[in-house]
Amino acid sequence: MLILVVNAGSSSLKYQLIDMDGEKVLAKGNCDRIGIDGHISHKTHDGRQINEDCSFPTHTEAFEKLVDSLVNGDAAVISSMSEISAVGHRVVQGAEVFSETTIATDEVIDKIDELAELAPVHNHAHALALRACKKVFSADVPQVVVFDTAFHQTMPPKAYMYGIPYEDYEKYHVRKYGFHGTSHRFVSAALAEAMGKDLKDLKVVSCHLGNGSSITAIENGKSIDTSMGFTPLDGVIMGTRSGAIDASAVTYLEKKMNLNPDEMSNYLNKQCGFLGVSHVSSDNREIYEAIHHGDEKAQLTADMLRYEIKKYIGSYAAVMNGLDAVIFTGGIGENSWEVRGGVCTNMDYLGIKIDFDLNKTVRGTLTKISTPDSKVEVWVIPTNEELLIARDTLAIISK
């Protein structure tokens, strides 16, 4: 069974075609610059590639080109669209409406679009892609949506509520939702398998670290708290996002800088974080390159990230009354030995000890980096959100 996994942005359409017999990626790529001009990059499992400028006025044309690349030409991997059994879509925000994977009916797509106010960069794009996909594929090909927020719907009210009047929560749906749920769910399941234990018996802190980062407390296999909040802006410092900040600092800066709310949102999401503090880059690799040349602001940026991750690990160990394992995943978590090492230094109170020499060698491979006498196991686990979406899609259409 072949499943196409789609992750749509406002001007992009990333995809993977996965053969669920062996869970092999046959092809993957990205249609970007949708609505501007258009470009497709497409690569097959055996190394054949397409890099081509195109015309993508809308997501529909991008979908048509995506399918054409899979079926026709030198980089084709299937002979016809009929070989694709289903399409699985990543959707960022399901709010309190969607707590599990579901079939994308027209009503579901409309509701996803209605939630765009809670995720303006993502949800409308997801809805556009879903409608475009329905135009390109026949009606008998199921469209399935997997929500980033669904995993966090198990958080108790004491974790997801803010200290605002309760009626405003009811009226405006302002609460912590959390994100990266698909990634946290994948790596925590992989951890349990690697440890040879039932996830329901473990207390885990999962650190998804990348251009966007979130830390999640997982107890009995369920998310009980997470660092991202109402939007993906909250939590630790990120590539261009500020992370947690006093709300009064936001209103103070708005007045001082003469910004309207939309401009302030852009400032906090696009001009802050690693980029804003370091004045070097939003890329963690370039931050550490600058550190090696003695850049003090780059050093401060790295120190802030590691410090904030430490705080979340400690606080989540406290609310779970214990800790069995810490996971590092995402682009930074899987590849930056400096971040992992910095976080795990001076964590003796939790009994965390890592093999620093081993840690320096690990890049994107499933590896336990804690020492045999560490009371808490520390693992690097590559995430695979696309595979989990494909698995969810297979499970729901098999019913």
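Mentor: A polar contact here is a pair of N or O atoms within 3.5 Å. Keep in mind that this is a predicted model.

Trainee: Okay, which backbone oxygen does the side chain of lysine 176 reach?
Mentor: Start with where lysine 176 sits: in the loop between helix H5 (166-172) and helix H6 (181-195). Its contacts, leaving out residues up to four places away in sequence, include Asp225, Thr226 and Met228. At 2.8 Å, the side chain reaches the backbone oxygen of threonine 226.

Trainee: And is lysine 176 buried or exposed?
Mentor: The cut-off for buried is under 20% relative accessible area. Lysine 176 has a relative accessible area of 11%, so the label is buried.

Trainee: Moving on to charges, how many salt bridges does the structure hold?
Mentor: Side chains of opposite charge can pair when their charged atoms come close. One such pair is arginine 131 with aspartate 110, with the closest N and O atoms 3.0 Å apart. For the structure, the count of salt bridges is 15.

Trainee: How many residues apart in sequence are the parts tied together by arginine 131 and aspartate 110?
Mentor: Arginine 131 is in helix H3 (residues 123-136) and aspartate 110 is in helix H2 (residues 106-114), so the pair ties together parts of the chain 21 residues apart. As for accessibility, arginine 131 is partly exposed at 30%, and aspartate 110 is partly exposed at 38%. The separation you asked for is 21 residues.

Trainee: Which residue forms a salt bridge with arginine 391?
Mentor: Arginine 391 is partly exposed, with a relative accessible area of 34%. The closest N and O atoms of its salt bridge are 2.8 Å apart, and the partner is glutamate 23. That pair links distant parts of the chain, 368 residues apart: arginine 391 in helix H15, and its partner in the loop between strand E2 (12-19) and strand E3 (24-32). With a relative accessible area of 32%, the partly exposed partner is glutamate 23.

Trainee: Aspartate 392 is in helix H15 too, so which side chain does it meet in a salt bridge, and how far apart in sequence are the two?
Mentor: Aspartate 392 counts as buried at 13% relative accessibility. It meets the side chain of arginine 185, at 2.6 Å from N to O, and arginine 185 is partly exposed at 28%. Aspartate 392 lies in helix H15 and arginine 185 in helix H6, which puts them 207 residues apart.

Trainee: What does helix H15 reach from its first C-alpha to its last?
Mentor: H15 covers residues 385-398, which makes 14 residues. Its buried residues include Leu387, Leu388 and Ile389. At 1.5 Å a residue the expected reach is 20 Å, and the model comes close to that, with 20 Å.

Trainee: Now H1: how many of its 13 residues are buried?
Mentor: Helix H1 runs over residues 59-71 and reaches 18 Å from first to last C-alpha, close to the expected 18 Å. Among its buried residues are Phe63, Lys65 and Leu66. The helix is mostly covered, and the buried count is 10.

Trainee: Which residue caps the N-terminal end of H1?
Mentor: Look for a side-chain oxygen 3.2 Å from the backbone nitrogen of threonine 60. Just after the helix, glycine 73 takes a positive phi of about 85 degrees. The cap at the N-terminal end is threonine 58.

Trainee: Last one: which residues are linked with Lys65 in a network of salt bridges?
Mentor: Lys65 is one of the buried residues of H1. The residues linked with Lys65 in the network are Glu52 and Asp68.

Terms used. Residues numbered from 1 in each chain as written. Predicted model: local features only at pLDDT ≥ 70, side-chain atom pairs only at ≥ 80, totals over all residues. Heavy atoms only, no water. Helix = DSSP H or I, 4+ residues; strand = E, 2+ residues; numbered from the N terminus. Buried < 20%, exposed > 50% of the residue type's maximum accessible area, 1.4 Å probe, protein only. Polar contact = N/O pair within 3.5 Å; in protein donor to acceptor, adjacent residues only side chain to side chain. Contact = heavy atoms within 4.5 Å. Expected span 1.5 Å × (residues − 1). Salt bridge = Lys/Arg side-chain N within 4 Å of Asp/Glu carboxyl O.
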